[in-house]
Structure formats: C-alpha cells, structure tokens
Protein chains: 2
Amino acid sequence: MELSDLKIFTAVVQEGGITRAAERLNRVQSNVTTRVRQLEDRLQTKLFDRQGKRLILTPAGRTLLDYADRLLALADEAEAALQEKTPRGLFRLGSRESTAAVRLPGPLSVFAQ
Amino acid sequence: MELSDLKIFTAVVQEGGITRAAERLNRVQSNVTTRVRQLEDRLQTKLFDRQGKRLILTPAGRTLLDYADRLLALADEAEAALQEKTPRGLFRLGSRESTAAVRLPGPLSVFAQ
DNA sequence: TAAAAATACTCCATAGGTATTTTAT
DNA sequence: ATAAAATACCTATGGAGTATTTTTA
C-alpha cells in the first residue's frame with residue numbers, strides 16, 4: 001500500500017466517481033479504475049460496492065478512508081516540515097570560559113525562548 | 001514520497017548503513033543507495049551527511065525519521081484494521097413493532113456494549 | 001586491503017495511456 | 001442515448017539487479 005494509492009482512493013471517494021477523480025488527478029479513467037482494483041486486491045478487501053455506475057463505500061472502505069485522510073495529512077505535514085528553512089536540531093558550541101562570559105550572551109539572546 | 005521510500009529510509013537509519021539495510025530488506029545494495037538518493041532529490045533535502053562510509057543523519061533526516069515512524073505505524077494499523085474479520089459499520093434493521101418487542105431483544109443483546 | 005558506498009549499465013514489472021466494450025440511467 | 005466503469009491492449013518510466021569502480025578506515 002503506497003501513499004499514491006491512498007491519494008487516488010480518497011479522490012474517488014471525494015469526487016464520488018472514478019471519472020471525476022481521474023480528471024482531478026490529471027490521470028486517465030482506466031488508470032484510476034485499475035489502481036482502485038489493484039488496491040482492493042492487495043488489501044484483499046472490497047472498498048466499494050459496485051451497483052452499476054454507482055460506487056458505494058463498504059464499511060471496510062469507510063475504515064480505510066479514515067486512515068487514508070490521517071496518513072495523507074501526516075505526510076503533507078512531514079514534507080512541509082522538511083521545507084522549513086529555519087535551522088533545526090541540536091547545536092553544540094564550544095568556547096573558553098572567559099570568552100563565553102563576555103562574547104556569547106549578546107548573540108545567543110537572539111535564540112532565547 | 002511513498003511509504004516504501006520511508007521503509008527503506010528507516011531501515012538504513014536503524015541498521016546504520018546501506019549494505020545492512022539492503023540485506024534486511026532483501027534488496028540489493030545499489031538499489032537502496034539509489035532509492036535514498038532519489039528520496040533526497042524529491043524532497044530537495046539532504047537526509048544524511050556522507051563522511052566516507054559513515055552515514056550520519058542530518059537534522060532534516062532526524063525530522064523525517066520521526067514522521068516516517070509515525071506514518072509506517074499508522075499504515076500498519078490501517079492494514080490490520082482492514083484484516084479484522086469482525087463486521088463493522090452501521091447496521092440498519094427494520095421490523096414491525098410487535099415483532100421487535102418479542103423477537104429482537106434476545107439476539108440483539110449479543111451486541112450490547 | 002577489506003568493506004562499504006557510489007556509479008554505469010541492463011532488464012523487466014508495472015504504472016499510465018489509447019481505444020473499445022459493457023452497463024445502467 | 002448518454003455517461004460512466006470495465007476491459008483489452010500497448011508503451012514507457014523507473015524500480016531492481018549485475019558488475020565494476022571509488023573511497024576510507
């Protein structure tokens with residue numbers, strides 16, 4: 001199961017159909033159809049009940065949808081965190097005691113809080 | 001960014017090297033090398049500092065690791081939830097008032113709580 | 001010099017596209 | 001008759017492997 005599978009799956013649910021989902025995803029209808037089926041195969045779970053055209057979420061589909069939303073949101077958050085230009089992480093600084101006392105308080109006060 | 005990328009990334013961190021990660025993943029060393037580099041390219045972020053053999057996590061890598069762990073755990077949880085054989089979801093049941101009063105309390109008590 | 005990462009290449013699986021058919025409004 | 005999903009088939013991207021080279025401990 002990949003994030004791209006979940007992106008396609010949620011698009012189908014949100015758009016209420018494969019064709020419209022494909023349009024939004026800038027993909028082709030047959031591709032979306034196939035990806036959804038493959039996802040169902042891999043998970044060994046039916047995600048939609050096909051009543052002709054209508055695609056209706058199964059309870060399992062509903063369950064997956066909840067997780068998919070959370071996973072995609074978390075993935076977005078991760079990517080955003082990495083784009084942060086603000087320096088992060090541990091910063092070690094060494095100096096002589098005398099220098100530290102005189103020189104460091106000013107510059108370091110920038111990072112207070 | 002796909003879950004398989006994150007699986008590879010975390011394996012490299014946990015095993016402390018590409019070769020050992022490759023072994024654990026039943027993949028080949030060059031493949032793991034490439035996947036890690038591609039991930040860095042896509043995210044436009046260096047995840048490791050290469051000091052010769054040694055791979056050392058950058059702060060950004062550290063950040064991604066946290067998210068990766070959460071994402072993979074959540075994905076596992078999702079798959080597990082779908083394998084649950086216990087029926088889930090909304091269950092609608094119609095009956096005549098008289099039937100309901102006499103016939104339903106017994107069977108339905110199974111689902112109490 | 002031994003062990004690990006990087007590089008260059010080859011191959012194949014599969015994702016994505018085109019065209020058509022089926023199905024249900 | 002229309003619109004959407006399924007199916008069959010083709011193409012090509014990129015993931016995975018083999019072999020080799022580079023690097024540093």
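The paragraphs below go through a predicted model, from the relation of its two protein chains to their contact, two helices of chain B and the surface near one DNA strand.

Chains A and B can be laid on each other. A rotation of 180 degrees, with 0.0 Å of shift along its axis, superposes chain B on chain A with an RMSD of 0.1 Å. The two copies are thus related as by a two-fold rotation axis. Among the residues of chain B, B:Glu2 comes closest to this axis, its C-alpha lying at 2.8 Å.

The two chains also touch. In this contact, 22 residues of chain B meet 22 residues of chain A. On the chain B side, helix 1 (3-15) and helix 4 (59-83) each supply at least two residues. Helix 4 of chain B gives the most, with 14 residues. By class, the side of chain B that touches chain A consists of 13 nonpolar, four polar and five charged residues. Of the interface residues of chain B, 100% are also interface residues in chain A, so the copies meet through the same surface.

Helix 4 of chain B can be followed further. Its 25 residues, at 1.5 Å a residue, should span 36 Å, and the end C-alpha atoms are 37 Å apart, which agrees. The buried residues of this helix are B:Ala60, B:Gly61, B:Leu64, B:Ala68, B:Leu71, B:Ala75 and B:Ala78. They pack against helix 4 (59-83) of chain A, and also against helix 1, strand 1 (48-51) and strand 2 (54-57) of chain B. The partners of these buried residues therefore come from both chains.

Helix 2 of chain B has B:Ile18, B:Ala21 and B:Ala22 as its buried residues. Seen down the helix axis, these buried residues fall within an arc of 100 degrees, so they line one face of the helix. What covers them includes helix 1 and helix 3 of chain B. Just after helix 2 of chain B comes B:Asn26, which takes a positive phi of about 55 degrees.

Last comes the DNA. Which residues are closest to DNA strand C? They are A:Ser30, A:Gly52, B:Gly17, B:Thr19 and B:Ser30, out of 20 residues that surround the strand. Helix 3 (29-43) of chain A supplies at least two residues of the surface near DNA strand C, as do helix 2 (18-25) and helix 3 (29-43) of chain B, each in its own right. The residues of this surface divide into three nonpolar, 11 polar and six charged.

How values were computed:
Residues are numbered from 1 along each chain as its sequence is written. Chains are lettered from A and ligands numbered from 1 in the order in which they are written. This is a predicted model: local features need pLDDT of at least 70, side-chain atom pairs count only at pLDDT 80 or more; totals for chains, interfaces and linings use all residues. A residue is near a molecule or strand if its C-beta atom, placed from the backbone, lies within 6 Å of it. Helices (H or I, at least four residues) and strands (E, at least two) are DSSP runs, numbered from the N terminus. Ala, Val, Leu, Ile, Met, Phe, Trp, Tyr, Cys and Pro count as nonpolar, Asp, Glu, Lys and Arg as charged, and the others, Gly among them, as polar. Two residues are in contact if their C-beta atoms, placed from the backbone, lie within 7 Å. A residue is buried if 20 or more other C-beta atoms lie within 10 Å of its own, exposed if 12 or fewer, and partly exposed in between; C-beta atoms are placed from the backbone. The arc is that of the directions from the helix axis to the C-beta atoms. Copies are superposed by least squares on the C-alpha atoms of residues with pLDDT of at least 70 in both. The expected span of a helix is 1.5 Å times one less than its number of residues.
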